[in-house]
Amino acid sequence: MTSEGDAVRDWRALSIVVIALVVLIFVANLHLEVRGEVEDVGIFSRFIHSVILSFIMVNGALFLITLALSHKHAKIVEQALGTLFASVAGALLFGIIIDAGLTLNGAPSDVWSQFAVTAIRLMVADLAILLAFGISFGVLLTLVTGRKNPADPLLDLNSTSFEVEEE
Amino acid sequence: MLPEQYLLLQFWLPLILSPLGVGLAIAKDQSRRRVGQLLLILIAIALILHPKGLDASNEGWVLHLLMSLIGPLAAFLFGAWFALFSGPISVAPLPRSVRPFGFALMALGAAWFLWMLFMARPSIDGVSNPWWQHFVTSLLTSLVVVAGFAGAFAIIMGDGRQKEASIMALISLASFGLLIYLLAEGTESDDPVFWRSASWGVLGDLAGMLVGGGLALATFVTFVWLGEKRMGVPNEVEPLSSEESARVQEILADNVEVGE
């Protein structure tokens, strides 16, 4: 039986694995980026646009889901108004940074074009992430359920009847 | 520059409404569930009935990318379905002979994707899909991390799951190897410079998604916490009157036969 300390140790190990993989990918990209020719992708602008748009999209989605799941006993004022205002604040911030000239390469510099290109990029990346989860855990589930286990002896036991028997 | 009206009505609006449709479709109330299902169907119809050529806009190219992926995805999903339910499980089992066919379908899905990657990049009338490299580099980068996590999870949390962990590690390493190959050598249709640029840009996008999405979730948790905090302590409940106590005892005696 695992104790709470074991669970913390296990999750710490898993986090280290994930962080190590992220660093590995980053270093590999950086290495090839430095060695070979590459287009100027404006990674800083893309990062900033991605942060703000992800913030808007997640808050917007949470706002709509909050509305969809609301009922008469739910206290959703803070939740609904908060997510709505957070989305609006994100949109305003996005407009401000575009006006300030922090735009993406390869797209017209107006707010809508910049918004649309980043939103599409994020949607494509979201699709890829979903597929990665589906593929990895689909294969893992298929493999895990393939193992034959001995029959559970508890299944052979009779359960006790709790019904009151008439005399 | 504003988008064309058909893009607003048949791409952006359906996408914006999709969380509402999902939320309604999973609601407890039956009538809401029906409205949600209807909304999701309407969203799908609006996206499918794209009035102009898919190569006319960036949004159309996204739909083209989705359509291009239907084949390998369907092969993989059906393969996983067959392999999963023909294993030694007690829930809705399929004949055991179907299991190799399931694995073969999964392999077909992977091979189909590799064929598209190296030999047949999705295109319309010779014009390549502009989102293809972004998708592939996002998928491979995510696969490295997610499959690596799944492998470590199987070995740390599982009981004697070395085989499963090694296969997940193999998927992670193969994805990493493929990504590095693309960045170093490119493909028949694309120079490695474009792959490097796409991968480098994807790192910025994925990092931004992590930060922005994480911030949004933290904000949401804060709003829920504030809401809970403002609710205050509920009023004290009056103790049961003697009549109510008697009634409760009566019900208990009838059903549990207490005190006999």
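Mentor: Start with the term helix: a DSSP run of H or I with at least four residues, while a strand is a run of E with at least two, and both are numbered from the N terminus. In this structure, Thr219(B) is found in helix α7 of chain B, residues 192–230.

Trainee: What should I know about the model and its numbering before I go on?

Mentor: This is a predicted model, in which local features need pLDDT of at least 70 and side-chain atom pairs count only at pLDDT 80 or more, while totals for chains, interfaces and linings use all residues. Residues are numbered from 1 along each chain as its sequence is written, chains are lettered from A and ligands numbered from 1 in the order in which they are written, and side-chain values use heavy atoms, with hydrogens and water left out.

Trainee: Is Thr219(B) buried or exposed?

Mentor: Buried means under 20% relative accessible area, exposed over 50%, and partly exposed in between, with a 1.4 Å probe and protein chains only. Thr219(B) has 19% relative accessibility, so this residue counts as buried.

Trainee: Which residues does Thr219(B) touch?

Mentor: A contact means heavy atoms within 4.5 Å. Leaving out residues up to four places away in sequence, Thr219(B) touches Phe55(A) and Ala86(A). Its C-alpha atom and that of Trp12(B) are separated by 25 Å, with the two positions 207 residues apart along the chain.

Trainee: How many aromatic pairs are there over all chains?

Mentor: Rings of Phe, Tyr and Trp (its six-membered ring) pair if their centres lie within 6.5 Å; planes under 30 degrees apart are stacked, over 60 edge-to-face and the rest tilted. The count is 15 over all chains. In one of these, the rings of Trp112(A) and Trp12(B) have centres 5.5 Å apart and planes at 80°, so the pair is edge-to-face. This pair crosses between chains, with Trp112(A) in helix α4 (residues 111–144) of chain A and Trp12(B) in helix α1 (residues 5–25) of chain B.

Trainee: Which of the classes buried, exposed and partly exposed fits Trp12(B)?

Mentor: Trp12(B) is buried, because its relative accessible area is 6%, whereas Trp112(A) is partly exposed at 22%. Phe115(A) also pairs with Trp12(B): the centres are 6.4 Å apart and the planes 50°, a tilted pair. That pair too runs between chains, from helix α4 of chain A to helix α1 of chain B. Phe115(A) has a relative accessible area of 22% and is partly exposed. Ring pairs link Phe94(A), Trp112(A), Phe115(A), Phe11(B) and Trp12(B) into a cluster.

Trainee: At what angle do the axes of α2(A) and α1(B) cross?

Mentor: Two packed helices are described by the angle and the distance between their axes. Here an axis is a line fitted to C-alpha atoms over the stretch in contact, and angles run from 0 to 180 degrees between N-to-C directions. The axes of α2(A), residues 43–68, and α1(B) cross at roughly 35° and come within 8 Å.

Trainee: Which residues of α2(A) and α1(B) meet?

Mentor: Ala61(A), Leu64(A), Ile65(A) and Ala68(A) of α2(A) meet Ile16(B), Pro19(B), Leu20(B), Gly23(B) and Leu24(B) of α1(B). Eight of the residues in this contact are nonpolar, one is polar and none is charged. In this count Ala, Val, Leu, Ile, Met, Phe, Trp, Tyr, Cys and Pro are nonpolar, Asp, Glu, Lys and Arg are charged, and the others, Gly among them, are polar.

Trainee: Where does His50(B) lie?

Mentor: His50(B) is in the loop between α2 (30–48) and α3 (58–85) of chain B. With a relative accessible area of 11%, His50(B) is buried. Not counting residues up to four places away in sequence, His50(B) touches Tyr6(B), Leu7(B), Gln10(B), Ser57(B), Gly60(B) and Leu63(B).

Trainee: What is phi of Asp125(B) near?

Mentor: Most residues other than glycine have a negative phi. Asp125(B) has a positive value, near 50°. Asp125(B) sits in the loop between β1 (123–124) and β2 (127–128) of chain B, and at 76% relative accessibility this residue is exposed.

Trainee: How many helices and strands does chain A have?

Mentor: Chain A has four helices and zero strands, in the order α-α-α-α from the N terminus. Of its 167 residues, 38% count as buried.
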